[in-house]
Amino acid sequence: MTDATTPADAPVSTMEFHPQPRGGAPKPWAFPAPERSRLANGLTLLTSHRPGQQVVAVEVNLVAPLETEPEGLDGVATIMARALSEGTDKHTAEEFAAELERCGATLDAHADHPGVRVSLEVPASRLPRALGLLADALRAPAFPDSEIERLVGNRLDEIPHELANPARRAAMALSKELFPATSRMSRPRQGTEETVARIDAAAVRAFYDAHVRPATGTAVIVGDFTGVDLDAALADTLGAWTGSTAEPPKPTAVVADDAGRVVIVDRPGAVQTQLLIGRVGADRHDQVWPAQVLGTYCLGGTLTSRLDRVLREEKGYTYGVRAFGQVLRSSAPSSPEGATGAALLAISGSVDTASTGPALQDLWTVLRTLAAEGLTDAERDVAVQNLVGVAPLKYETAAAVAGTLADQVEQQLPDDYQAQLYARLAKTGTVEATAAVVSAFPVDRLVTVLVGDAAQIAEPVKALGIGEVTVVSG
Amino acid sequence: MPMGHTATEQAGSGGLTATEHRLANGLRVVLSEDHLTPVAAVCLWYDVGSRHEVKGRTGLAHLFEHLMFQGSAQVKGNGHFELVQGAGGSLNGTTSFERTNYFETMPAHELELALWLEADRMGSLLVALDDESLENQRDVVKNERRQRYDNVPYGTAFEKLTAMSYPEGHPYHHTPIGSMADLDAASLEDARAFFRTYYAPNNAVLSIVGDIDPEQTLAWVEKYFGSIPSHDGKQPPRDGGLPDTIGDQIRTVVAEDVPSRALMAAYRLPHDGTREADAADLALTILGGGESSRLYNRLVRRDRSAVAAGFGLLRLAGAPSLGWLDVKASGGVEVPAIEAAVDEELARFAEEGPTPEEMERAQAQLEREWLDRLATVSGRADELCRFAVLFGDPQLALTAVQRVLAISPLEVQTIAKARLRPDNRAVLVYEPTAQTDAAGTEEEEAAK
């Protein structure tokens with residue numbers, strides 16, 4: 001810190017100063033342990049009563065992974081997920097939307113690599129009615145030709161908007177680089193113009209018949225259940241869903257090519273360069289996960305982490321750069337196919353065009369310094385205090401708790417995983433965190449995607465020696 | 001320290017209560033207890049926003065907000081962030097037209113730290129403020145502007161429509177992010193003068209919500225904030241009053257490299273804090289909120305002329321609020337076809353008014369949005385500050401949903417008839433310059 005000489009007109013504060021207070025004794029808090037049960041139709045239930053949370057969150061996991069989409073029909077899982085709420089055996093699409101909103105509810109469904117997730121949020125007083133609509137959507141979707149045709153058209157209209165968004169364009173280019181062309185992960189989750197255009201009601205119905213059934217599904221329900229007869233409500237709604245039993249599909253192992261290289265997606269005239277630098281690494285089933293979380297936080301979890309300390313707070317190159325690990329798909333080591341999962345480990349942010357070369361140079365210097373010198377104990381301590389300490393804040397709402405419980409189910413983790421993770425983080429030392437983050441972000445095994453003005457950034461980036469540079473059109 | 005309202009529950013407040021207090025230096029304090037989770041939120045609203053900025057210094061309130069995180073007498077450099085995060089808390093600050101807010105959510109046992117930190121910068125920021133942090137944060141804010149507005153399709157639509165909706169010289173004519181030229185022009189002396197003018201205990205409201213002991217909390221507030229001197233340098237913002245309606249359509253067509261045609265509009269609506277604003281909120285929800293709204297059903301479902309269509313309400317207390325229409329066209333559809341359909345739906349609604357089912361749905365949606373905002377201690381703290389700063393009474397936050405539920409269908413129809421008219425809006429039309437080809441037809445979820 002500079003000790004600037006005080007100008008003559010500097011204000012003299014007249015307030016009374018006190019020493020920095022020390023915190024009191026922490027109050028006990030634990031990540032909620034859900035109750036696990038099963039309906040007669042085979043649907044697994046996880047419930048958690050959270051007093052005071054008037055908006056109840058429901059998350060339904062359907063084991064319908066993207067890699068089970070038929071060849072050439074990428075996007076059919078997405079269209080099916082959206083079509084669940086476009087009419088049932090009781091309501092037309094417009095009536096269904098109106099009934100949901102009459103409950104004050106929101107219903108979202110999306111398809112990702114592990115499967116389809118349907119999320120309902122509704123005030124507790126109207127939970128039974130909304131559960132009825134959710135059950136109708138899962139149990140008896142109508143998939144009318146005209147609605148599927150409309151959803152396909154709508155999806156085709158969305159694609160140019162996604163392509164124009166620098167962050168989404170970067171994520172798309174990174175997936176294409178990292179994964180082999182034969183892997184579903186190399187291709188856009190919601191399909192391309194070519195594949196989406198082929199989807200019709202028959203394809204959606206076939207995908208539904210193949211993958212959507214209560215026996216392989218899980219519903220997570222979290223909120224304040226005071227005055228709600230949850231058992232009765234569930235029996236009347238999700239309990240009425242029927243379907244055959246079937247083995248869930250077997251996932252294939254995730255493989256990726258992380259040889260260091262650079263792809264520039266050309267955006268002539270762009271005032272900023274969007275960066276996405278990544279590779280594939282350990283998921284939550286790996287012992288290293290807590291140390292990887294800790295080390296990644298120290299590298300780029302917040303604006304006082306190593307990357308932003310230089311790139312933002314010293315140089316002003318960016319509004320913020322973050323490092324993160326995001327599980328792509330996961331299966332338990334004890335499952336028949338063994339551990340097949342992986343997480344995307346990445347650094348993302350945007351820097352002004354002129355600073356692209358210098359910012360990447362500084363970023364690599366941060367990584368090299370980290371590998372050479374390791375984390376400090378003080379950094380490790382602050383990171384643990386933050387990651388463990390924020391848990392009660394992070395899980396204040398029903399939606400946050402339900403989301404994490406559903407992620408655990410989707411990744412075949414035990415119900416107490418998150419609760420145990422906090423204990424494991426607290427036990428992770430500086431040396432382990434350093435080793436984990438250095439092996440998560442090796443300087444010569446990172447694929448760099450830059451969405452920006454190639455005419456201005458290609459030469460400075462080539463000079464950095466961080467890998468061969470390829471330019472593709474935007 | 002005089003005690004304000006006692007903590008008695010009001011009808012329709014969902015069991016929430018709040019008490020009000022005022023320090024001798026003018027700092028207003030609002031407390032609300034909730035012991036369900038061991039967390040406490042601290043929220044501090046300064047009654048200053050971009051509407052207080054002067055010509056040539058747009059963006060100063062927001063740039064200044066960044067400087068508030070660069071250290072004060074007892075907090076070095078990034079210490080504010082480091083200490084809060086190291087205590088297991090989360091924090092940030094934001095700047096809007098009408099206010100600047102700073103907030104921390106802490107594990108309950110670390111509440112005192114957040115109060116100490118906020119008091120330190122309220123009382124002694126200028127001791128630490130120097131050129132180095134100004135130059136650095138100027139670059140950070142310029143990159144924030146590029147990232148959020150200049151490098152995104154339609155990113156400057158909000159700025160353009162705001163400038164069209166409020167005339168040149170009006171305090172709301174420019175948005176909080178400011179212009180690049182003005183950000184470049186801001187000096188250290190501007191920042192110092194801004195602090196001396198607006199950052200004073202008598203120009204702020206502090207709310208503390210969650211698992212707190214009210215007596216202990218008030219004692220800490222008195223200890224840390226009580227000796228900060230008040231001052232009266234602040235001039236009231238320029239008058240934001242305008243006639244109820246614009247009287248003529250204002251229209252701009254821009255040709256930009258955007259992925260599809262778009263029709264956006266801002267309608268002039270009543271000031272926040274009035275029954276008419278709540279009626280307008282219901283009208284916009286029925287017309288353009290969610291997937292059972294009239295515009296969604298017409299444009300997205302039936303005509304299939306839009307990929308997305310919706311209305312939003314930007315509530316403003318010191319100037320007319322704005323009703324925000326955003327329609328992104330489907331491939332090949334021309335704007336006049338969309339505009340004709342929008343006008344037809346708005347005219348029909350003004351003529352017929354809402355159906356009972358539409359009223360029920362809109363009120364249920366707005367009620368859930370309120371429950372969501374009140375579901376966290378930080379959301380509650382922010383709403384208490386909002387009603388205290390903008391309307392002089394934090395208790396109004398606890399009954400806001402009741403006021404929305406009390407609006408009649410006739411009030412909704414009346415406001416639609418009076419305000420949702422073509423001659424009461426600014427219209428912004430986007431025409432794409434380049435035909436986007438299908439070369440890279442891929443998409444992916446943005447990695448987070």
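Two strands count as a pair here if DSSP finds at least two bridges between them. Keep that in mind, and remember as you click around that this is a predicted model.

**Stop 1: a hairpin in chain B**

Select residues 306–314 of chain B, which are strand S9, and then residues 321–329, which are strand S10. These two strands pair in the antiparallel sense, over eight bridges. Want one bridge to look at? Show Leu313(B) and its partner in S10(B), Gly323(B). Now look at the link: S9(B) and S10(B) make a hairpin, and six residues sit between them.

**Stop 2: the sheet around the hairpin**

Widen your selection. The hairpin strands belong to an open sheet of five strands in chain B, and its order reads S7-S11-S8-S10-S9. The pairing in this sheet is mixed. In general, strands of a sheet pair through backbone hydrogen bonds, either parallel or antiparallel.

Which strands stand at the edges? They are S7 (250–256) and S9 of chain B. Each has a single partner strand, so one side of each has no neighbour in the sheet. Turn the view until you look along the sheet, and you can follow a twist that averages 10 degrees from one strand to the next.

Next, pick out S8 (residues 262–269) and S11 (residues 425–432) of chain B, an antiparallel pair with six bridges. Here Ala262(B) stands opposite Tyr430(B) in S11(B).

**Stop 3: helices lying across the sheet**

Add helix H9 of chain B, residues 275–288. H9 lies across S8, S9 and S10 of chain B, and runs at about 175 degrees to S9(B). Then add helix H10, residues 294–302 of chain B, which lies across S9 and S10 at about 160 degrees to S9(B).

**Stop 4: a buried helix in chain B**

Go to residues 79–86 of chain B, helix H2. How many of the eight residues of this helix are buried? Seven are, so the helix is largely enclosed by the rest of the structure. Colour them in: Gly79(B), His80(B), Phe81(B), Leu83(B), Val84(B), Gln85(B) and Gly86(B).

What covers these residues? The cover includes strand S4 (90–95), strand S5 (100–107) and helix H3 (111–128) of chain B, along with helix H12 (377–389) of chain A. Just one more click here: Gly88(B) follows H2(B) and has a positive phi, near 85 degrees.

**Stop 5: chain B as a whole**

Zoom out and show chain B in cartoon style. Its secondary structure comes to 15 helices and 11 strands. The radius of gyration of chain B is 23 Å, close to the 22 Å from the globule rule for 448 residues, so the chain is as compact as a globular protein of that length. Along the principal axes, the C-alpha atoms fill a box of roughly 65 × 50 × 45 Å. Of the 448 residues in chain B, 56% count as buried.

**Stop 6: where the chains touch**

Bring chain A back into view. The contact between the chains takes 88 residues from chain A and 80 residues from chain B. On the chain A side, helix H4 (residues 145–164) gives the most, with 11 residues. Colour that side of chain A by type and you get 39 nonpolar, 30 polar and 19 charged residues.

**Stop 7: two domains in chain A**

Colour residues 35–240 of chain A as domain 1 and residues 261–473 as domain 2, following the domain assignment. Their C-alpha centres lie 29 Å apart. Where they meet, 30 residues of domain 1 are in contact with 24 residues of domain 2. Helix H5(A) gives the most to the domain 1 side, with nine residues. That side of domain 1 divides into 16 nonpolar, seven polar and seven charged residues.

**Stop 8: a buried strand in chain A**

Finish with residues 342–352 of chain A, strand S10. Here 11 of the 11 residues are buried, so the strand is largely enclosed by the rest of the structure. In a regular strand the side chains alternate between the two faces of the sheet. Try it on S10(A): residues including Leu344(A) and Ser348(A) point one way, while others, among them Leu345(A) and Val351(A), point the other way.

Now show the partners of S10(A). Strand S8 (residues 272–281) of chain A pairs with S10(A) in the antiparallel sense over 10 bridges, and Gln272(A) stands opposite Asp352(A). Strand S9 (residues 318–329) of chain A also runs antiparallel to S10(A), joined by nine bridges. There, Ala323(A) stands opposite Ile347(A).

Terms used. Residues are numbered from 1 along each chain as its sequence is written. Chains are lettered from A and ligands numbered from 1 in the order in which they are written. This is a predicted model: local features need pLDDT of at least 70, side-chain atom pairs count only at pLDDT 80 or more; totals for chains, interfaces and linings use all residues. Two residues are in contact if their C-beta atoms, placed from the backbone, lie within 7 Å. Helices (H or I, at least four residues) and strands (E, at least two) are DSSP runs, numbered from the N terminus. Ala, Val, Leu, Ile, Met, Phe, Trp, Tyr, Cys and Pro count as nonpolar, Asp, Glu, Lys and Arg as charged, and the others, Gly among them, as polar. A residue is buried if 20 or more other C-beta atoms lie within 10 Å of its own, exposed if 12 or fewer, and partly exposed in between; C-beta atoms are placed from the backbone. The radius of gyration is taken over C-alpha atoms; the globule rule is 2.2 Å times the number of residues to the power 0.38. Domain bounds come from an automatic or database domain assignment. Axes are lines fitted to C-alpha atoms, for helices over the stretch in contact, and angles run from 0 to 180 degrees between N-to-C directions.
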